[in-house]
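Please look through the sequence and the coordinates below before reading on. The explanation then moves from the whole chain to individual strands and side chains.

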Amino acid sequence: MALKEEYQPRTKQIFHHLPTVSEMPHREPLLHISPTVDNNIIGVGQDGLVSIWTRNLKLKKSRLILDENKVLNRKLKWISDSTLMPQYNKLIIGTCDREIRLYELSNFEPYCQIIGLETMPLHLDYSVREEDECIILYGDEQGCVNIILISSVGETLRNWTKCPAVEEIPSVSMENINDSRNITFIRWKVHNDWVTKIKYIHSIESIISSSNDDYTALVIGCVNETKDVQHRLRILMDSSSIPTKCCLPGGASPPRRFNCDESQFKVHRGVKAFDFCKESNILVTGGLDRNIRLWNPYVPGWAIGLLRGHTSPIGFLCIADGNTKLFSVSMDSTVMVWDIEDQSCLLTVIPKASQIRGEMAVCYFSNELRALYLAADCLVLLHFQRKEDRLSNSCVSHNEPILCCQYNKPFQQVVSCSEGSAIKVWDLQNGQLVTEVYEAHGDAAVTCMALDTSGKRLITGGRDGSLKKWDCSTIRYIHTLKQAGTSSDEVTACTYADIYSNRYIISVGWDRKINIFPDLHSEASEGPCPQVDWIDSVENGHKDDVLCVSFCPPNLVASSSYDGEILIWNLISGHVCSRLSAVSRAVMEDGTVLLSWRAHSCSVTSVAWVSEHQLLLTSSVDCTVKLWSLEGEYIGTFGQKDLWNIKDKMSWQRGPNPDSHTTPAASARQVSAIKPSCATGREDEANSAEPESQVASPLSLIKDDEIAEELKQRQKAKSEHRLCNGDLSYLQTDMVLHGTAVVCYRTLTFPTVNVRVRFPSRISNQDILISTIHF
């Protein structure tokens with residue numbers, strides 16, 4: 001997920017919550033997504049499978065409406081497009097057999113059909129014009145706009161059901177349409193290529209249609225013939241220009257509108273998507289050339305704006321959010337949000353980061369929910385929110401994104417640092433602010449921190465490359481271990497290391513080195529000391545930015561870089577003991593009580609385990625630090641008005657989790673082991689419905705006596721596989737931050753084993769995971 005927010009004023013910043021991803025029952029691409037009158041979402045597939053979803057993407061039902069496709073060994077019928085007729089609770093579909101069918105939305109039974117169309121209805125639209133008058137229009141492969149005007153709609157539909165049946169469906173032919181006094185059929189030749197989209201705009205009583213032809217890329221035209229008197233005389237003198245009310249004889253060409261009746265917009269490589277806003281008097285187009293153009297609809301000669309950013313053809317455009325924002329989706333499923341006034345990008349949603357798989361098939365934007373429904377290989381729901389709305393609707397711990405939080409066990413406090421170079425100390429017992437300091441690293445963000453075992457000393461690293469020491473109880477500055485450098489020297493992680501009663505501070509960052517600083521206040525003692533300048537750190541060390549570091553007694557350090565390489569170092573000699581390559585996200589193969597829940601609206605930046613209380617701390621770029629039970633119960637946000645008591649569950653969740661509205665289920669859900677390439681959305685949904693009372697803490701699955709016994713067994717073979725002269729047999733409890741998914745685990749670390757971390761394949765970016773990881 002790439003955010004462009006640093007270039008925008010605060011009032012124009014926009015965010016999206018954790019996406020909701022659902023597997024679809026459809027085997028063929030979706031052609032249509034839209035809301036129904038009962039606040040559900042309907043999806044229509046190319047093979048005739050119709051699915052009904054809740055607005056939170058819970059599948060309610062699905063049915064194959066094309067009875068022809070239920071018969072074996074019969075040629076399949078395909079749907080070309082569909083739209084809704086909400087006033088009459090009907091679904092309209094166009095088929096590749098040149099038909100238009102109407103179905104009852106209540107039971108998906110066929111109602112009637114129009115047969116014998118001269119061309120294939122590639123794209124459909126429906127709208128109400130006047131009282132008891134509607135318009136059905138479709139674009140075809142000949143570049144024509146076909147219009148069916150219906151008056152006395154209810155009466156007309158009832159009359160159609162009395163027509164003779166074809167394949168058990170009441171059918172009215174195009175030849176008979178002209179005989180009806182309630183129906184008018186008009187056909188205009190508009191484009192030089194097939195129609196890619198068509199829409200009736202009620203506010204201007206005109207039709208907008210598009211094609212991939214450069215010269216007729218987009219056309220805004222009237223519905224009926226011209227009302228100009230002079231042109232009416234020309235029409236009467238030229239019978240070939242008379243608009244038809246029925247199908248034309250074979251070989252005859254449909255008439256074109258007069259120039260005064262339409263406006264043509266020329267676009268290189270045509271137009272695939274467009275949207276129009278009467279209030280703002282703006283038209284937007286996108287297509288194969290990957291650029292978005294903004295137009296004054298009354299000045300078709302040139303565009304008034306050009307938005308670049310997509311890397312594949314644009315398939316969806318929508319003007320929304322009070323006509324100030326433009327949502328665009330390209331065929332590679334990249335979503336971009338633009339500010340129309342500034343003509344600048346506010347947000348880019350990368351498909352891979354949002355678990356969007358495959359190419360975009362169809363989209364729908366809900367202004368009511370401020371949410372985008374996107375269908376690709378899966379169905380995805382993206383909720384968007386302005387920053388000012390997010391800050392006004394929920395409390396925050398910092399005014400800027402939080403980059404790190406730590407738990408100070410001796411003092412029962414929580415320490416957090418932010419992008420705004422602020423450090424805050426909170427009381428774990430009730431969430432109250434204890435003390436704070438600003439401009440800790442000047443104008444540079446505080447990117448990481450580490451506490452010593454006594455909890456009295458705090459080390460912070462800055463984006464400017466500086467490293468500072470503080471008195472943690474009062475956040476009093478002590479001294480600077482490393483002076484500020486350039487932006488390429490950013491410190492990404494730091495930790496304390498105790499070796500033979502000597503204490504050292506280790507930091508890593510963008511310089512790709514392992515930097516070691518002796519703690520000058522520690523007492524001198526016997527024993528070998530680490531080398532401050534490691535030769536291996538430069539010659540044989542990391543080739544990419546180092547992101548994290550961890551100390552393992554008695555003398556080993558592990559570090560990991562952006563390319564996924566993990567190095568194990570001997571802290572005494574400074575040599576690399578072992579190299580581990582990053583493992584793929586293997587699926588869960590055993591039966592491990594995996595828990596996940598949505599914790600934040602934006603990416604999770606750190607997690608800390610409060611062992612004595614069996615609680616979990618999380619921080620995020622959404623400016624909050626939150627406290628949870630290991631079962632996913634929301635306790636509160638540090639900085640909220642109402643304080644809590646961690647020993648009194650009645651004081652928990654006094655206010656709802658501000659991000660809970662993005663999760664339709666409870667605060668925690670149980671997810672079963674995911675089998676390779678065969679998990680389905682229905683299996684996940686069934687597993688999520690199991691009672692929460694059956695969920696046990698994963699950290700209790702391994703007992704200390706079992707660990708001791710395993711240590712004894714492995715100790716026998718340890719001498720055969722020693723990686724170095726240090727003993728790495730060690731029990732620890734730790735967390736792994738993988739992207740924005742977090743795994744909390746209790747580990748047994750040995751020099752002889754290869755680490756295999758199993759990541760579930762269907763976990764979302766801001767979900768918190770708790771699992772037991774085996775080595």
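What follows is a walk through this structure, from overall composition to particular residues.

The model is predicted, and every value in the text should be read with that in mind. The protein chain contains 7 helices and 56 strands. Of its 775 residues, 54% count as buried, while the accessible surface of the protein chain amounts to about 33900 Å², with 49% of that area belonging to carbon and sulfur atoms.

Among the strands, a set of 4 offers a convenient place to begin, since these strands form an open sheet in the order β4-β5-β6-β7, with antiparallel pairing. The edges of this sheet are held by β4 (30-35) and β7 (59-64), each of which has a single partner strand, so one side of each is left without a neighbour in the sheet. From one strand to the next, the twist averages 15 degrees. Within the sheet, strand β5 (residues 41-45) and strand β6 (residues 49-53) are paired in the antiparallel sense over 4 bridges, and I42 stands opposite I52 in β6. As background to such pairings, strands of a sheet pair through backbone hydrogen bonds, either parallel or antiparallel.

A second group of strands is centred, for the purposes of this account, on β23. Strand β23 covers residues 282-286, and because 5 of its 5 residues are buried, it is largely enclosed by the rest of the structure. The burial applies to both directions in which its residues point: I282, V284 and G286 point one way from β23, L283 and T285 point the other way, and all are buried.

The pairing of β23 can be followed through two hairpins. Strand β22 (residues 273-277) pairs with β23 in the antiparallel sense over 5 bridges, and in this pairing F276 stands opposite L283 in β23. The hairpin formed by β22 and β23 has 4 residues between the strands, and N281 in the turn has a positive phi of about 55 degrees. Further along, β23 is joined by 4 bridges to strand β24 (residues 292-295), the two running antiparallel, and R293 in β24 is the bridge partner of T285. Here too the strands form a hairpin, with 5 residues between β23 and β24, and R290 in the turn has a positive phi of about 70 degrees.

The helices can be illustrated by α1 (residues 153-160), in which V153, G154, T156, L157 and W160 are buried. These residues cover an arc of only 165 degrees around the axis, and therefore they lie on the same side of α1.

A charged side chain deserves separate attention: is R187 buried or exposed? R187 lies in strand β17 (residues 183-189), and its relative accessibility is 2%, so R187 counts as buried, the limit being under 20%. Its side chain has polar partners, for a polar contact of 3.3 Å joins the side chains of R187 and E118, and another polar contact, of 3.0 Å, joins the side chains of R187 and Q142.

Finally, the cysteines may be considered. With a disulfide taken as a pair of cysteine sulfur atoms within 2.5 Å, the count comes to 0 disulfides. Two cysteines can be described by their surroundings: C277 is buried, with a relative accessible area of 4%, and C345 is likewise buried, with a relative accessible area of 13%.

Methods. Residues numbered from 1 in each chain as written. Predicted model: local features only at pLDDT ≥ 70, side-chain atom pairs only at ≥ 80, totals over all residues. Heavy atoms only, no water. Buried < 20%, exposed > 50% of the residue type's maximum accessible area, 1.4 Å probe, protein only. Arc of directions from axis to C-beta. Pairing = 2+ DSSP bridges. Axes fitted to C-alpha atoms, helices over the stretch in contact; angles between N-to-C directions. Polar contact = N/O pair within 3.5 Å; in protein donor to acceptor, adjacent residues only side chain to side chain. Areas by Shrake-Rupley, 256 points an atom, 1.4 Å probe, with all protein chains shown as cover.
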